[in-house]
Amino acid sequence: MSSIRVLTLSLLCLLPLGAAQAADKGNAIVSAAHMLDVRSGRMLDNVVVVVEDGRITQVAHGPGAAIIGVDMPRYDLGEMTLLPGLIDMHVHLDSDPSYGGYTGLQYGDRFWSVLTVPHAQKTLMAGFTTVRNVGASDWNDVGLRQAIEEHKVVGPRVVTATYAIGATGGHCDSTFFPPSMDEKGAYNIDSPEEGRKVVRTLHKYGAQVIKICATGGVFSHGDEPGAQQLTLEEMEAVVDEAHMADMKVAAHAHGAAGIKAAIRAGVDTIEHASLIDDEGIKLAKQRGAWLSMDIYNTEYTQSEGKKNGVLEDNLRKDREIADVQRENFRKAHAAGAKLIFGTDAGIYPHGDNAKQFRWMVKYGMTPTQAIQAATVNAAEALGRNDRGVIEAGRLADLIAVPGDPTADVTLLESVPFVMKGGDVVKDARK
């Protein structure tokens with residue numbers, strides 16, 4: 001590769017897109033009128049980004065910024081704004097909201113693994129270049145991750161949890177069937193020792209993060225969201241075992257007591273956090289736990305859930321918890337708790353992930369803070385310092401939108417330009 005030099009803008013000659021597509025994959029020069037520096041929240045002007053072998057090698061900005069002397073594809077995005085690829089910390093790519101309640105039983109097990117493919121593609125096309133899949137059946141997320149990494153299917157970078165760990169009869173167990181059917185979750189635990197064994201097993205078969213269900217849930221049967229379902233000792237054993245394997249732990253936790261127990265056990269992220277109280281917020285700040293609060297999806301479930309077969313009792317719990325969760329999001333943010341972007345995609349249609357941004361702004365964040373929750377903060381919580389920021393050394397996962405998303409965050413609901421690892425996977429500019 002020839003050397004890279006920063007010279008005046010008059011020396012920059014941009015090739016048409018067709019010529020760029022013929023060059024080596026993973027190499028590109030991208031220029032745009034604006035770029036959001038998600039670390040500082042500042043908007044930078046006249047930006048040029050150099051990508052080599054899928055990673056950013058140089059970022060130049062300011063009057064006269066340009067790159068010449070490099071033979072690689074060049075993408076001139078004009079007046080658009082560049083941002084890092086977005087990160088959703090809570091998705092279920094093998095779930096589809098079209099099949100609620102018992103309606104999914106008419107399909108075989110492999111149906112759900114096949115659905116991960118279009119779901120992953122829709123997610124990437126929406127600008128989400130990384131997702132954390134916190135709970136899947138039949139190792140579906142591992143198979144999908146491997147197929148994406150082998151370039152057999154199109155999708156984001158997937159961080160896999162495999163099966164969620166729950167208590168017998170709890171939210172992550174199979175609770176919709178009578179005893180005669182003997183249905184149960186594959187990896188229930190009812191003691192600290194069982195917790196350690198399950199963590200080791202899940203890690204053996206492809207888990208990169210561990211998901212536990214510390215409390216009841218909304219879309220399970222026979223429980224309530226506020227009830228704690230794993231003991232502190234069980235959660236401590238899971239966290240200790242996961243951390244020894246260098247894996248982080250996410251805890252599904254709606255209820256206040258379960259949230260606090262999970263934080264005390266050392267979990268890294270609290271999912272939902274719907275009924276968190278003041279003590280829980282204070283504890284999260286003290287222990288450095290991240291809160292991932294999915295405050296959009298009720299808009300979909302309440303309007304579409306019944307026609308999709310969701311049971312009334314589940315819709316009732318969804319209604320009761322929605323506004324409480326949103327107000328607690330506002331309270332947690334105002335108190336300075338660490339918040340990340342997680343949506344529970346699969347409860348609503350995949351690809352609509354960015355619809356949550358407007359709700360985060362409505363309930364107290366600035367647009368910039370909401371974007372930071374889905375970029376630099378999410379990368380930190382994920383433990384992946386190779387993404388989430390546009391700077392040298394990071395993965396070349398970039399998106400671009402027309403206009404200023406720090407003034408109108410809804411621009412992220414329709415992303416026309418997506419690059420993953422230096423390769424343009426979507427270019428819908430007009």
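With which residue does Glu241 form a salt bridge, and how far apart are the closest N and O atoms? In this predicted model, the partner of Glu241 is Arg200, and the closest N and O atoms of the two residues are 2.7 Å apart. Glu241 belongs to helix H5 (residues 232-244) and Arg200 to helix H4 (residues 192-204), so the salt bridge ties together parts of the chain that are 41 residues apart in sequence. The two partners differ in their surroundings, in that Glu241 is buried, with a relative accessible area of 7%, whereas Arg200 is exposed, its relative accessibility being 52%. This pair also takes part in a network of salt bridges that links Arg196, Arg200, Asp240 and Glu241.

By the distance rule applied here, the count of salt bridges comes to 27. Side chains of opposite charge can pair when their charged atoms come close. Another such pair is formed by Glu279 and Arg264, whose side chains meet with an N to O distance of 3.2 Å. This salt bridge links distant parts of the chain, Glu279 being located in helix H7 (residues 278-287) and Arg264 in helix H6 (residues 256-265), with their positions 15 residues apart in sequence. Glu279 is partly exposed, with a relative accessible area of 43%, and Arg264 is likewise partly exposed, with a value of 39%. A further salt bridge joins the side chains of Asp427 and Arg429 at 2.8 Å, N to O; here Asp427 is partly exposed at 27% relative accessibility, and Arg429 is partly exposed at 29%.

Confidence in the model was considered next. The mean pLDDT of the chain is 93, and 93% of its residues reach 70 or more. Over residues 1-23, however, the pLDDT is below 50, although this stretch has 48 contacts in the model beyond near neighbours in sequence. Where pLDDT is low, the predicted coordinates should not be read in detail.

An unreviewed UniProt entry lists residues 81-425 as "domain: Amidohydrolase-related". Over residues 81-425, the chain is 36% helix and 15% strand, and the C-alpha atoms at the two ends are 17 Å apart. Within strand E8 (residues 86-91) lies His90, which counts as buried at 3% relative accessibility. The side chain of His90 makes a polar contact with the side chain of His92 at 3.2 Å. When residues up to four places away in sequence are not counted, His90 touches Arg132, Val134, Lys211, Glu271, His272, Ser292, Gly342, Thr343, Asp344 and Ala345.

The nonpolar interior was examined in the same model. The largest nonpolar core holds 79 residues, of which Ile210, Ile212, Ile270, Leu291, Phe357, Met360 and Leu412 touch the most other members. Helix H6 gives the most to this core, contributing five residues. For Phe357, the contacts that remain once residues up to four places away in sequence are left out are with Leu86, Phe128, Phe341, Ala370, Ile371, Ala374, Val409 and Leu412. Apart from the largest core lies another, of 19 residues, among them Ala32, Leu44, Tyr75 and Ala400.

Note on methods:
Residues numbered from 1 in each chain as written. Predicted model: local features only at pLDDT ≥ 70, side-chain atom pairs only at ≥ 80, totals over all residues. Heavy atoms only, no water. Salt bridge = Lys/Arg side-chain N within 4 Å of Asp/Glu carboxyl O. Helix = DSSP H or I, 4+ residues; strand = E, 2+ residues; numbered from the N terminus. Buried < 20%, exposed > 50% of the residue type's maximum accessible area, 1.4 Å probe, protein only. pLDDT = per-residue confidence, 0-100. Contact = heavy atoms within 4.5 Å. Polar contact = N/O pair within 3.5 Å; in protein donor to acceptor, adjacent residues only side chain to side chain. Core = buried A, V, L, I, M, F, W, Y, C linked by side-chain atoms within 4.5 Å. UniProt positions renumbered as here; feature names shortened; annotations may be inferred.
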